[in-house]
Amino acid sequence: PTRAGGVACYVSTRFISESAIPKVTSSLFESLFIRLKLHENKHLIIGTIYRSPPVHPDSTKSLISTLTSIEHPCELVLLGDFNKNWLDRSSSNDKNLLKCVNLTQLINEPTRVHGNSTSLLDWILVTHPDRILTSGVLSDCFSDHSAIFCVWKIK
């Protein structure tokens, strides 16, 4: 696919962070993974994803291979523009695959409204939904997609 999006992750200097480089990468999506040190032996991996349309049928399987290849797995927040409508019935296979690796989708309302059409293309997937204080969608953004967010309980 044509690279058209790009990913970024900004980390406050209050946190100790490093790149978490997967052993398996894919040309089906763009990604960046950061490992944050929360406490002495507690880490959180934040992954940002961009899948350009049209989404390849094997891109979710490829994403799972990438995720499972990250050394020292720990708690994970994976977010970004997946360019696949979570609300659509055609996403059921992706949902099942992600559930098999213990990922829960936090966003449940449309992130893109175009005319009379709504879709949930921007996802936040987490391994520990019990650690999320709040999450949601911020409408009226500067893009054709709404911003998504979650607040992670560090303790």
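User: What makes two rings an aromatic pair, and how many aromatic pairs does the structure hold?

Analyst: Rings of Phe, Tyr and Trp (the six-membered ring in Trp) pair if their centres lie within 6.5 Å; planes under 30 degrees apart make the pair stacked, over 60 edge-to-face, and the rest tilted. This is a predicted model, in which local features need pLDDT of at least 70 and side-chain atom pairs count only at pLDDT 80 or more, while totals for chains, interfaces and linings use all residues. Residues are numbered from 1 along each chain as its sequence is written, and side-chain values use heavy atoms, with hydrogens and water left out. On that footing, the structure holds two aromatic pairs.

User: Why is the pair of Phe82 and Trp123 called stacked?

Analyst: Set the values against the cut-offs: the centres are 4.4 Å apart and the planes 10° apart, so the two rings pair and their planes fall in the stacked range. The pair also links distant parts of the chain, with Phe82 in the loop between strand S4 (75-81) and helix H2 (92-100) and Trp123 in strand S8 (residues 122-126), 41 residues apart. Helices and strands here are DSSP runs (H or I, at least four residues, for helices; E, at least two, for strands), numbered from the N terminus.

User: How do you know whether Phe82 and Trp123 are buried or exposed?

Analyst: By relative accessible area: buried means under 20%, exposed over 50%, and partly exposed in between, with a 1.4 Å probe and protein chains only. Phe82 stands at 0%, so it counts as buried. Trp123 also has 0% and is therefore buried.

User: What makes the pair of Trp86 and Trp123 edge-to-face?

Analyst: The centres lie 4.8 Å apart, and the planes meet at 75°, so the pair belongs in the edge-to-face class. Trp86 sits in the loop between S4 and H2 and Trp123 in strand S8, so parts 37 residues apart in sequence are tied together. Both Trp86 and Trp123 are buried. Together, Phe82, Trp86 and Trp123 form one aromatic cluster.

User: Why is helix H1 called mostly covered?

Analyst: H1 spans residues 59-68, and seven of its 10 residues are buried. Those residues are Ser59, Thr60, Ser62, Leu63, Ile64, Thr66 and Leu67. An α-helix has 3.6 residues a turn, so residues three or four places apart point the same way. The buried residues of H1 pack against strand S2 (30-39), strand S3 (42-50), S4 and H2. Contact, for this purpose, means heavy atoms within 4.5 Å.

User: How do you know that Leu76 is buried, and which residues does it touch?

Analyst: Leu76, found in strand S4, has a relative accessible area of 8%, which puts it in the buried class. Leaving out residues up to four places away in sequence, Leu76 touches Leu44, Ile45, Leu67, Leu103, Leu125, Val126, Thr127 and Trp152. Leu76 and Ile45 are 31 residues apart in sequence, yet 4.8 Å apart in space, C-alpha to C-alpha.

User: What makes the peptide bond from Pro53 to Pro54 stand out, and what is notable about phi of Asn83 and of Asn102?

Analyst: Most residues other than glycine have a negative phi, and most peptide bonds are trans. The bond from Pro53 to Pro54 is cis, with omega near -5°; Pro54 lies in the loop between S3 and H1. Asn83 has a positive phi, near 50°, and lies in the loop between S4 and H2. At 17% relative accessibility, Asn83 is buried. Asn102 also has a positive phi, near 65°, and is placed in the loop between H2 and strand S5 (104-105). At 47% relative accessibility, Asn102 counts as partly exposed.

User: Why is the protein chain called as compact as a globular protein of its length?

Analyst: The chain comes to two helices and 10 strands, which run β-β-β-α-β-α-β-β-β-β-β-β from the N terminus. Its radius of gyration is 15 Å, close to the 15 Å that the globule rule gives for 155 residues, so the chain is as compact as a globular protein of that length. The radius is taken over C-alpha atoms, and the rule is 2.2 Å times the number of residues to the power 0.38. Of the 155 residues, 42% count as buried. Among contacts between residues at least 6 apart in sequence, 60% join residues at least 24 apart.
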